[in-house]
Amino acid sequence: MGRALVRAPGPRLAEGLVTHADRRPVDVALAARQHAAYTAALRSAGWRVSSVAAADDQPDAVFIEDALIVCGDLAVLGRSGAEVRRGELPGAERAARDLGLRIERIEAPGTLDGGDVLAVGDTVYVGRGDRTNEEGICQLARLLGGRRVVPVDVRGCLHLKSAMTALPDGGLIGLPEHVDTSVLPCMRVVREPAGAHVVVLGPDHVLMAASAPRTAASLAADGLRVTSVDISEFEALDGCVTCLSVLVP
Ligand SMILES: CN(C)C(=N)NCCC[C@H](N)C(=O)O
């Protein structure tokens with residue numbers, strides 16, 4: 001496998017943004033244990049885990065997916081629609097440079113969070129919503145050159161990948177009520193919110209949250225190896241399993 005970039009939760013995690021979840025106290029010590037188990041699952045699947053420098057003043061810095069979109073040898077630094085998250089970029093940029101990736105960035109007035117970017121084969125679906133605007137999508141499309149970029153309107157959830165991700169065979173899985181399905185191929189519909197969140201660890205291996213047991217059982221019944229991790233303290237902050245890492249094949 002390749003490299004997985006992760007950033008440990010900082011001391012201000014409990015101050016992270018909450019838009020759709022019901023805000024509740026976050027147990028920072030439990031979050032640290034959950035994050036360690038998450039990174040151990042990546043390692044067990046053969047990914048070499050690299051830590052991005054801490055950004056202790058940035059409550060949401062653990063959600064590293066939003067800061068960095070990696071496509072081939074290119075790393076695009078996001079520009080969050082949430083202004084308070086724009087301070088997370090320096091460490092993410094250094095980590096991308098350390099991997100020898102070419103660096104580009106989204107510029108004002110474009111906004112883009114990596115949680116809105118789902119690459120499936122030669123197609124890149126980009127959620128258009130609170131965190132990612134049309135200008136950000138157009139800038140990404142120019143940076144990605146020949147890849148097919150499909151904007152997907154997102155509603156009632158934080159990011160595109162809150163509503164849908166892809167399985168190892170490239171099939172989409174998710175909650176169609178949150179996206180404009182008219183621009184999408186067919187989608188495997190799930191009923192558990194976290195059932196839409198799949199990290200592909202290998203050709204027949206996926207990582208999911210422990211809060212989607214029925215979806216995990218269904219995917220296992222189809223022959224996939226499913227590793228489940230408890231990420232309750234990150235779900236309390238509208239996070240999911242894709243947010244906590246950037247995979248560089
Ligand atoms: C796919 N998702 C949801 C993500 N990539 N990011 C989660 C960010 C959560 C953070 N509290 C915030 O509200 O920004």
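Biologist: What share of the 249 residues of the chain count as buried?

Modeller: In this predicted model, 55% of the 249 residues count as buried. The term is applied where the relative accessible area is under 20%.

Biologist: What makes the chain agree with a compact globule in its radius of gyration?

Modeller: A compact globule with 249 residues would have a radius of gyration near 18 Å, and the chain has 16 Å; therefore the two agree. Along the principal axes, the C-alpha atoms fill a box of roughly 45 × 40 × 35 Å. Among contacts with a separation of 6 or more, 65% are between residues 24 or more positions apart.

Biologist: Which secondary structure elements are in the chain, and how many are there?

Modeller: The chain has six helices and 15 strands. Its exposed area is about 10,300 Å², of which carbon and sulfur atoms supply 51%.

Biologist: Which residues does UniProt list for "active site"?

Modeller: The unreviewed UniProt entry lists His 159 and Cys 243 under that heading. These residues are spread over 85 residues of sequence, yet they cluster in space, with a largest C-alpha distance of 10.1 Å. Both His 159 and Cys 243 belong to the lining of the largest cavity.

Biologist: Why does His 159 count as buried?

Modeller: The relative accessibility of His 159 is 5%. The cut-off for buried is under 20%, so His 159 counts as buried. His 159 is located in the loop between strand S8 (148–153) and helix H4 (160–163).

Biologist: Which residues is His 159 in contact with, leaving aside its neighbours within four places in sequence?

Modeller: They are Asp 66, Asp 113, Gly 115, Asp 116, Arg 131 and Val 154.

Biologist: Why is the pair of side chains of His 159 and Asp 113 called a polar contact?

Modeller: The side chains of His 159 and Asp 113 are joined at 2.7 Å. A polar contact requires N or O atoms within 3.5 Å, one able to donate a hydrogen and the other to accept it; the pair is therefore classed as a polar contact.

Biologist: How do you know that Asp 113 counts as buried?

Modeller: Asp 113 has 1% relative accessibility. Buried means under 20%, so Asp 113 counts as buried. The residue lies in the loop between S5 and S6. Besides the pair with His 159, the side chain of Asp 113 makes a polar contact of 2.8 Å with the side chain of Ser 80. Apart from neighbours within four places in sequence, the contacts of Asp 113 include Asp 66, Arg 85, Arg 131 and Thr 132.

Biologist: What makes Cys 243 count as buried?

Modeller: Cys 243 has 8% relative accessibility. Set against the limit of under 20%, this value makes Cys 243 buried. Cys 243 is in the loop between helix H6 (232–235) and strand S15 (246–248). Not counting residues up to four places away in sequence, Cys 243 touches Val 62, Phe 63, Ile 64 and Glu 65.

Biologist: Is Ser 245 buried or exposed, and how do you know?

Modeller: The relative accessible area of Ser 245 is 6%. As the cut-off is under 20%, Ser 245 is buried. Ser 245 is also found in the loop between H6 and S15. A polar contact of 2.8 Å links the side chains of Ser 245 and Tyr 38. Beyond four places in sequence, the residues in contact with Ser 245 include Leu 5, Val 6, Leu 42, Ile 64 and Glu 65.

Biologist: What value does phi of Asp 238 have?

Modeller: Phi of Asp 238 is near 65°, which is positive in a residue other than glycine. Asp 238 lies in the loop between H6 and S15. With 15% relative accessibility, Asp 238 counts as buried, since buried means under 20%.

Biologist: Why does Thr 19 count as partly exposed?

Modeller: Thr 19 has 43% relative accessibility. Partly exposed is the class between under 20% and over 50%, so Thr 19 counts as partly exposed. The place of Thr 19 is in the loop between strand S1 (3–6) and helix H1 (28–44). Leaving aside neighbours within four places in sequence, Thr 19 is in contact with Arg 131, Leu 158 and Asp 238.

Biologist: Which form, cis or trans, does the peptide bond from Ala 108 to Pro 109 have?

Modeller: Omega is near 5°, and the peptide bond from Ala 108 to Pro 109 is cis. Pro 109 is placed in the loop between strand S5 (102–105) and strand S6 (117–120).

Key: Residues are numbered from 1 along each chain as its sequence is written. This is a predicted model: local features need pLDDT of at least 70, side-chain atom pairs count only at pLDDT 80 or more; totals for chains, interfaces and linings use all residues. Side-chain values use heavy atoms; hydrogens and water are left out. UniProt positions are given in the numbering used here, feature names are shortened, and annotations may be inferred rather than shown by experiment. On a 1 Å grid over the protein atoms alone, a cavity is a set of points where a 1.4 Å probe fits but cannot get out, and a pocket is an open set with protein on both sides within 12 Å along at least five of seven lines; lining residues have an atom within 4 Å of a point. Helices (H or I, at least four residues) and strands (E, at least two) are DSSP runs, numbered from the N terminus. Buried means under 20% relative accessible area, exposed over 50%, partly exposed in between (1.4 Å probe, protein chains only). Contact means heavy atoms within 4.5 Å. The radius of gyration is taken over C-alpha atoms; the globule rule is 2.2 Å times the number of residues to the power 0.38. Accessible areas come from the Shrake-Rupley method with a 1.4 Å probe; for residues, only the protein chains shown count as cover.
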